[in-house]
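Visitor: Can you walk me through this model? Short answers, please.

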Protein chains: 2
Amino acid sequence: MNKQPKYRQVADVLRREIANGDFPPGARLPSESELQQRFDASRNTVRNGLSLLVSEGLISSSQGLGYEVKSHEVFELNASKFENLNFPQNGDAYNTNVTSAGRRPHQTFRVEMLPASEEIADRLKVTAGTKAVLRFCHRYVDDVPWSTQATYYPSWLVDGSPRLAEPGDIEEGTTRYLAARGIEQVGYFDEIAARMPTPEEARLLEIGAGVPVLLWTRTGYSAERPIRCTITTFRGDLNRMNYEIGDLTARSENEPQ
Amino acid sequence: MNKQPKYRQVADVLRREIANGDFPPGARLPSESELQQRFDASRNTVRNGLSLLVSEGLISSSQGLGYEVKSHEVFELNASKFENLNFPQNGDAYNTNVTSAGRRPHQTFRVEMLPASEEIADRLKVTAGTKAVLRFCHRYVDDVPWSTQATYYPSWLVDGSPRLAEPGDIEEGTTRYLAARGIEQVGYFDEIAARMPTPEEARLLEIGAGVPVLLWTRTGYSAERPIRCTITTFRGDLNRMNYEIGDLTARSENEPQ
DNA sequence: CTGCTCAGCTTGTTGGTACAAGCTGATGCA
DNA sequence: TGCATCAGCTTGTACCAACAAGCTGAGCAG
């Protein structure tokens with residue numbers, strides 16, 4: 001007989017009931033005091049069980065309101081379609097993506113110059129501490145924080161393309177602007193990782209407990225060397241990244257059905 | 001004056017000290033009772049703070065031992081190089097990948113036939129509930145659980161390629177076996193998501209609290225239709241997925257330096 | 001009818017206690 | 001020497017109590 005601790009039993013029962021649909025997304029769970037009676041446990045024990053489910057990302061709590069079952073409609077991000085010359089700019093892709101989903105995009109933007117961290121310098125193949133230009137974007141969908149995007153450009157590149165270091169949008173898109181100045185991006189290397197958010201990330205993305213962030217690092221290359229590095233953070237529960245590789249005519253043919 | 005709750009202060013101070021390097025990866029934190037004295041807080045409060053750091057994936061605890069700062073060496077997974085005819089089988093890629101990193105691969109394997117879930121049926125473009133063959137792999141590196149991989153084949157495909165439904169490896173690789181029977185995989189569609197593990201996943205991957213899983217769903221297509229769907233789960237803290245897109249000669253040229 | 005206050009619900013924070021259970025090293029016996 | 005035991009550390013589980021703070025609806029004052 002493998003006796004589980006009581007707080008785990010509480011979590012297990014509630015988890016199964018949520019999976020069953022007894023508590024559909026958006027529904028409120030019974031209050032802590034009700035659960036105390038139901039499971040004949042102290043408040044702390046019930047809270048321990050509930051906090052397990054919170055950290056699994058299944059439910060969330062708010063003071064005064066109670067515990068609510070989270071819903072998760074995911075947003076699809078087609079990463080293999082971004083940033084070619086015909087469909088040039090990240091910002092554009094974001095705007096069209098969001099707008100075509102019938103939602104409202106909104107972003108804040110800033111530019112700064114700072115020494116490259118080891119991580120960035122490594123990817124840009126420059127010496128750590130070298131100055132780099134950071135173009136930073138904080139994106140919202142329907143006023144809900146969606147992603148942060150930090151793009152770093154090495155200083156040698158900025159010397160010949162000074163508008164990168166100026167605040168404000170580059171209307172034609174950075175990729176096109178660079179191409180016009182002889183810097184053509186011909187390939188990129190993507191890295192995708194997941195982890196729990198830092199407090200800073202949790203604040204920017206308004207992430208509650210139990211929600212990981214997706215980290216997407218894209219390093220763009222010209223034929224000669226790396227020209228930029230973009231680090232994007234997403235809420236893991238609301239986003240999914242897609243890559244199309246090879247011939248997918250079979251997929252797109254059947255899609256409209 | 002924005003007074004943070006005491007347990008958050010505890011977490012913030014320790015988090016900064018960990019980031020500072022006061023407690024390097026592998027080091028043990030002071031015990032709960034020491035922290036009680038240092039922060040003049042009750043044991044519950046200290047534990048609350050520590051559990052925050054645990055759920056951020058920064059530290060882990062074990063009964064009798066204490067709290068330890070986690071290290072995270074990541075394993076790189078080049079997803080855009082898998083599964084073409086020259087380098088055919090997932091299993092092969094895993095074995096060579098792991099062996100070339102100087103580590104020891106080990107896997108368990110099983111085959112079963114079961115009705116397709118909605119998720120699988122949708123991707124394989126068959127009716128939900130149709131029979132599908134599941135080939136399931138549980139992979140270890142140096143006896144540490146690394147990933148679970150479930151590949152589903154639609155029954156119409158299995159009819160013409162019966163070895164898929166038989167237990168035991170297909171030596172030449174499933175991709176090559178299928179190609180020999182006229183089913184050529186010409187493209188695939190990848191979806192990558194992150195979330196907190198289910199208890200089942202946490203058990204299989206021996207994941208502690210605060211570690212998300214990376215979910216990699218790859219649907220393979222012939223020129224006509226989807227032929228398989230592979231769902232792989234990884235420990236998010238130990239793995240990173242890579243995609244190479246376009247021309248990356250600049251990257252590989254400089255790599256050996 | 002409008003708008004405010006407040007009782008009464010909810011969860012959040014902090015303190016306390018007690019015992020269970022896992023680990024380690026010292027002690028002491030054979 | 002070698003092995004078993006156990007004291008004394010660690011975290012894990014479970015209980016209790018009290019007050020803070022956020023939310024909602026009832027009910028009262030204007």
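Visitor: How many helices and strands are there in chain A?
Guide: Chain A has 9 helices and 10 strands. These are DSSP runs numbered from the N terminus, with helices H or I of at least four residues and strands E of at least two.

Visitor: Where do these coordinates come from?
Guide: This is a predicted model, where local features need pLDDT of at least 70, side-chain atom pairs count only at pLDDT 80 or more, and totals for chains, interfaces and linings use all residues. Residues are numbered from 1 along each chain as its sequence is written, chains are lettered from A and ligands numbered from 1 in the order in which they are written, and side-chain values use heavy atoms, with hydrogens and water left out.

Visitor: What does chain A span along its principal axes?
Guide: Its C-alpha trace spans about 70 × 50 × 35 Å. The radius of gyration of chain A is 23 Å, against near 18 Å for a compact globule of 257 residues. That radius is taken over C-alpha atoms, and the globule rule is 2.2 Å times the number of residues to the power 0.38.

Visitor: And how much of chain A is buried?
Guide: Buried residues are 48% of the 257. Buried means under 20% relative accessible area, with a 1.4 Å probe and protein chains only.

Visitor: On to the DNA. Which residues are closest to strand D?
Guide: Lys6(A), Tyr7(A), Asn44(A), Thr45(A) and Ser61(B) are the closest, out of 22 that surround DNA strand D. Sugar and phosphate make up 64% of the strand D atoms that come within 4 Å of the protein. A residue is near a strand if one of its heavy atoms lies within 4 Å of it.

Visitor: Which element supplies the largest share of that surface?
Guide: α3(A), with 3 residues. By class, the surface near DNA strand D has 5 nonpolar, 12 polar and 5 charged residues. Here Ala, Val, Leu, Ile, Met, Phe, Trp, Tyr, Cys and Pro count as nonpolar, Asp, Glu, Lys and Arg as charged, and the others, Gly among them, as polar.

Visitor: What lies by a base nitrogen of strand D?
Guide: A side-chain N or O atom of Arg43(B) is 2.8 Å from one. A backbone N or O atom of Gly64(A) also lies 3.4 Å from a base nitrogen of DNA strand D. On the phosphate side, a backbone N or O atom of Glu32(B) is 3.1 Å from an oxygen of that strand.

Visitor: Now strand C. How many residues surround it?
Guide: 23 residues surround DNA strand C, and the closest are Arg43(A), Ser61(A), Lys6(B), Tyr7(B) and Thr45(B). Sugar and phosphate account for 61% of its atoms within 4 Å of the protein. α3(B) gives the most to this surface, with 3 residues.

Visitor: Which side chain is by a phosphate oxygen of strand C?
Guide: Arg47(A), through an N or O atom at 3.2 Å. A backbone N or O atom of Ser42(B) lies 3.0 Å from a phosphate oxygen of DNA strand C.

Visitor: Change of topic. Why does Asp190(A) count as buried?
Guide: Because its relative accessibility is 0%. Asp190(A) lies in strand β7, residues 187–195 of chain A.

Visitor: Which side chain does Asp190(A) join in a polar contact?
Guide: Arg218(A), at 2.7 Å. A polar contact is a pair of N or O atoms within 3.5 Å; within protein, one must be able to donate a hydrogen and the other to accept it, and residues adjacent in sequence count only if both atoms are side-chain atoms.

Methods:
Buried < 20%, exposed > 50% of the residue type's maximum accessible area, 1.4 Å probe, protein only.
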